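Please load the model in the viewer and keep the selection tool at hand. The tour proceeds by selections, each followed by a description of what is found there.

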Amino acid sequence: MLRFSALLISAILGTVIAFIIISGIEAFIKGSGLSLFGDVWNPNAGRFGILMMIQCSVLLAVSSLFTGWFLSLGCCCILNGLAPKFIANLLMGILTLMTAIPTVVYGFAAVFLLVPLIRDALGGTGFCWLTASMILSLQGIPTMTFIMNSAVRSLSSETKITATALGMTPIQHLSRVVLPLSSKAMISAAILGLGRAIGDALLPTMLAGNAIRFAKFPLDSMRTLTAHISLVLSSDIGGGEHFSLLLSGALLLTFCAVISFISRRFGRKINL
Amino acid sequence: MKFRELALTFLSWAAFLIVIFGVGGLIIFLMYRGISAINLKLFFGDTPAFDAIFALKPVWNGIWPAVAGTLSLLLLTMTIVLIPGISCGVYLACFASERERDFIGESVDILAGIPSIVMGLFGLELVIILRRFFLPDATTCLFLSSLCLAILVLPTLITATRSSIEALPSQLKLTAEALGMSKSDTVRHLLIPSAGSGILGGIILTMGRTMEDTAVIMLTGAVANAGLPRGLGSKFEALPFKIYYTSAQYTSSDELMQGFGTALLLLFLSWILILAAKIFQKRLMLKWQIN
């Protein structure tokens with residue numbers, strides 16, 4: 001009975017993956033005349049290229065990962081002896097509460113607070129790459145910080161006494177001993193953060209403006225793959241828009257599965 | 001201080017301030033705008049509360065239908081996910097062979113990494129296929145949403161159950177074995193009850209994830225105006241979808257206020273759930289003196 005339900009998990013996973021991938025491939029074959037991987041989106045001309053969405057997804061994910069990762073590194077240092085105890089406790093409490101903030105609430109608050117700020121300060125509509133990337137990086141911080149923290153904390157307590165005996169200050173101990181030792185955890189936090197950032201649908205949909213084009217500047221409106229899926233109405237089943245949707249889903253799934261796979265291989269190396 | 005230490009100190013304090021002010025700003029803004037909207041009128045509009053709760057009269061301008069929708073979604077999803085999730089976690093922690101643990105663990109990890117919008121797409125495609133080949137009148141509905149949500153949150157429950165049991169001190173298992181308890185008795189009468197509060201924490205965590213997810217339900221049956229959910233096969237309203245919809249489609253300042261109230265309500269509910277989960281998990285740690 002227990003064994004059955006455990007194997008059920010693999011079966012469910014297999015079903016979901018097979019289903020999405022097969023529909024993606026089917027869409028690709030059936031829609032071969034629609035240049036699905038092309039860089040033109042023009043439903044009237046029968047061109048449904050999703051290259052622009054791919055570019056936007058990658059840009060948004062990488063940019064928010066970049067800021068989010070550095071902020072997480074900072075938070076992790078605050079938690080591990082760079083700041084007084086009460087500040088560390090305060091930050092820990094806030095990070096824990098942050099893990100529970102629903103994405104849609106982040107999005108809602110940002111639509112009415114951050115978007116007008118950006119609009120007034122920098123011009124444009126306010127719904128842009130910059131806005132989405134700011135909130136997305138904020139949202140990813142707790143997860144990454146907790147991954148880094150668990151590695152840093154155990155390494156720090158292992159080496160603390162030796163380092164102090166050698167005359168190192170706590171900051172030196174952290175920057176010269178612990179952080180270099182925990183580089184693998186840092187990379188695995190980044191990998192996991194990338195998967196999260198590229199898979200999030202709500203924030204890009206609510207904040208990035210959703211114009212279909214290549215984004216070049218932080219104030220450009222953009223539409224990611226995830227936003228594309230959540231926006232296209234499924235009224236024309238079997239049409240070009242629907243095919244582009246299926247292909248986007250298959251791409252996202254493949255990407256995230258590969259990421260989980262890599263981070264698992266990587267995680268095993270850390271444990272050894 | 002050398003450059004590296006200086007840079008690290010600067011980065012850390014900057015990160016601290018950005019997180020505090022970023023999140024603090026968003027939350028305080030939300031409370032400032034939303035706290036006055038949280039009252040009976042937010043829930044029931046102009047309908048008397050009693051009539052609304054027992055569905056005697058319809059609620060036109062309150063969020064009660066969305067609350068009811070979210071509650072039924074929660075109930076249905078937890079019903080589906082509870083038994084497979086916990087038993088899979090128990091199996092992984094207690095019975096699985098090395099190879100099974102690898103294989104199933106890998107599946108759980110990959111499943112956990114699938115974006116929720118892709119799971120929503122899965123549900124949508126499922127209905128389209130059903131409609132084409134088996135049931136011509138299949139449609140997106142409450143049951144479909146619960147099913148997809150259940151698959152989405154399954155890894156959370158499995159991982160929480162598994163790690164609660166694995167965190168128990170190994171003497172417990174050894175003592176049981178030394179006393180001659182069989183493996184299944186040990187698991188059923190010793191390990192699961194001992195890890196009980198941790199597993200309960202995991203269940204609450206799973207509820208939190210179910211409640212907040214928006215991407216799945218917006219593709220599988222949540223709509224803006226459905227009234228109270230009428231059955232497994234009906235469309236429904238839900239709190240997160242209401243918030244998403246309001247942010248894009250509000251027409252009056254009243255609707256906007258309602259959006260702020262709803263967002264704040266969802267935030268408070270999520271916080272209550274995570275605090276409860278943390279308390280239960282902490283109790284497990286204290287009971288067995290695990291650090």
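How many salt bridges are there between domain 1 of chain A and domain 2 of chain A? The count is zero. The coordinates under inspection are a predicted model, and the tour begins with these two domains.

**Stop 1: the two domains of chain A**

Select residues 16-49 together with 232-272 of chain A for domain 1, and residues 63-222 for domain 2, as the domain assignment gives them. Over C-alpha atoms, the centres of these two domains of chain A are separated by 28 Å. Their contact involves ten residues from domain 1 of chain A and eleven residues from domain 2 of chain A. Together, domain 1 and domain 2 of chain A bury about 960 Å², with 89% of that area on carbon and sulfur atoms. Residue pairs in polar contact between the two domains of chain A, with both residues at pLDDT 80 or more, also number zero. Next, highlight helix α11 (residues 240-271) of chain A: this helix gives the most to the side of domain 1 that touches domain 2, namely eight residues. By class, that side of domain 1 of chain A consists of eight nonpolar, one polar and one charged residues.

**Stop 2: chain A as a whole**

Now display all of chain A as a cartoon. Chain A has eleven helices and two strands, and from the N terminus on its elements follow the order α-β-β-α-α-α-α-α-α-α-α-α-α. The C-alpha trace of chain A spans about 75 × 60 × 30 Å along its principal axes. Of the 272 residues in chain A, 54% count as buried. Among contacts in chain A between residues at least 6 apart in sequence, 68% join residues at least 24 apart.

**Stop 3: salt bridges within chain A**

Over all chains, the count comes to six salt bridges. Select A:Glu26 and A:Lys30, whose side chains form one of them, at 2.9 Å from N to O. These two residues lie about one helical turn from each other, because they are four residues apart in helix α1 (residues 2-30) of chain A. Is A:Lys30 buried or exposed? A:Lys30 is exposed, at 51% relative accessible area, whereas A:Glu26 is partly exposed at 35%.

Move next to A:Asp220 and A:Arg213, which meet in a salt bridge at 3.3 Å, N to O. Here A:Asp220 is buried, with a relative accessible area of 13%, while A:Arg213 is partly exposed at 37%.

**Stop 4: the interface of the two chains**

Show both chains and select the residues in contact between them: 78 residues from chain B and 81 residues from chain A. Chain B and chain A bury about 6800 Å² between them, of which 81% lies on carbon and sulfur atoms. Three salt bridges cross this interface of chain B and chain A, along with eight residue pairs in polar contact, both residues at pLDDT 80 or more. Several helices of chain B each supply at least two residues to the side that touches chain A, among them α4 (64-95), α7 (142-166) and α13 (253-287). The largest share of that side comes from α1(B), with 19 residues. The side of chain B that touches chain A divides into 54 nonpolar, 13 polar and eleven charged residues.

**Stop 5: the network around A:Arg264**

Centre the view on A:Arg264. Its side chain meets that of B:Asp109 in a salt bridge at 3.0 Å, N to O. This pair crosses between chains, from helix α5 of chain B, which holds B:Asp109, to helix α11 of chain A, which holds A:Arg264. B:Asp109 is partly exposed, with a relative accessible area of 33%, and A:Arg264 is buried at 18%. Through shared partners, salt bridges join A:Arg264, B:Glu106 and B:Asp109 into one network. In the bridge between A:Arg264 and B:Glu106, the closest N and O atoms are 3.7 Å apart.

**Stop 6: B:Pro229**

Finally, select B:Pro229, which lies 33 Å from B:Asp109, C-alpha to C-alpha, and 120 residues from it in sequence. B:Pro229 is located in the loop between α11 and α12 of chain B. At 23% relative accessibility, B:Pro229 counts as partly exposed. Leaving aside residues up to four places away in sequence, B:Pro229 touches several residues, including B:Pro65, B:Ser72, B:Leu142 and B:Phe236.

Definitions and conventions. Residues are numbered from 1 along each chain as its sequence is written. Chains are lettered from A and ligands numbered from 1 in the order in which they are written. This is a predicted model: local features need pLDDT of at least 70, side-chain atom pairs count only at pLDDT 80 or more; totals for chains, interfaces and linings use all residues. Side-chain values use heavy atoms; hydrogens and water are left out. Contact means heavy atoms within 4.5 Å. Buried area is the accessible area (1.4 Å probe) that two parts lose on being put together, summed over both. A salt bridge is a side-chain nitrogen of Lys or Arg within 4 Å of a carboxyl oxygen of Asp or Glu. A polar contact is a pair of N or O atoms within 3.5 Å; within protein, one must be able to donate a hydrogen and the other to accept it, and residues adjacent in sequence count only if both atoms are side-chain atoms. Ala, Val, Leu, Ile, Met, Phe, Trp, Tyr, Cys and Pro count as nonpolar, Asp, Glu, Lys and Arg as charged, and the others, Gly among them, as polar. Buried means under 20% relative accessible area, exposed over 50%, partly exposed in between (1.4 Å probe, protein chains only). Domain bounds come from an automatic or database domain assignment.
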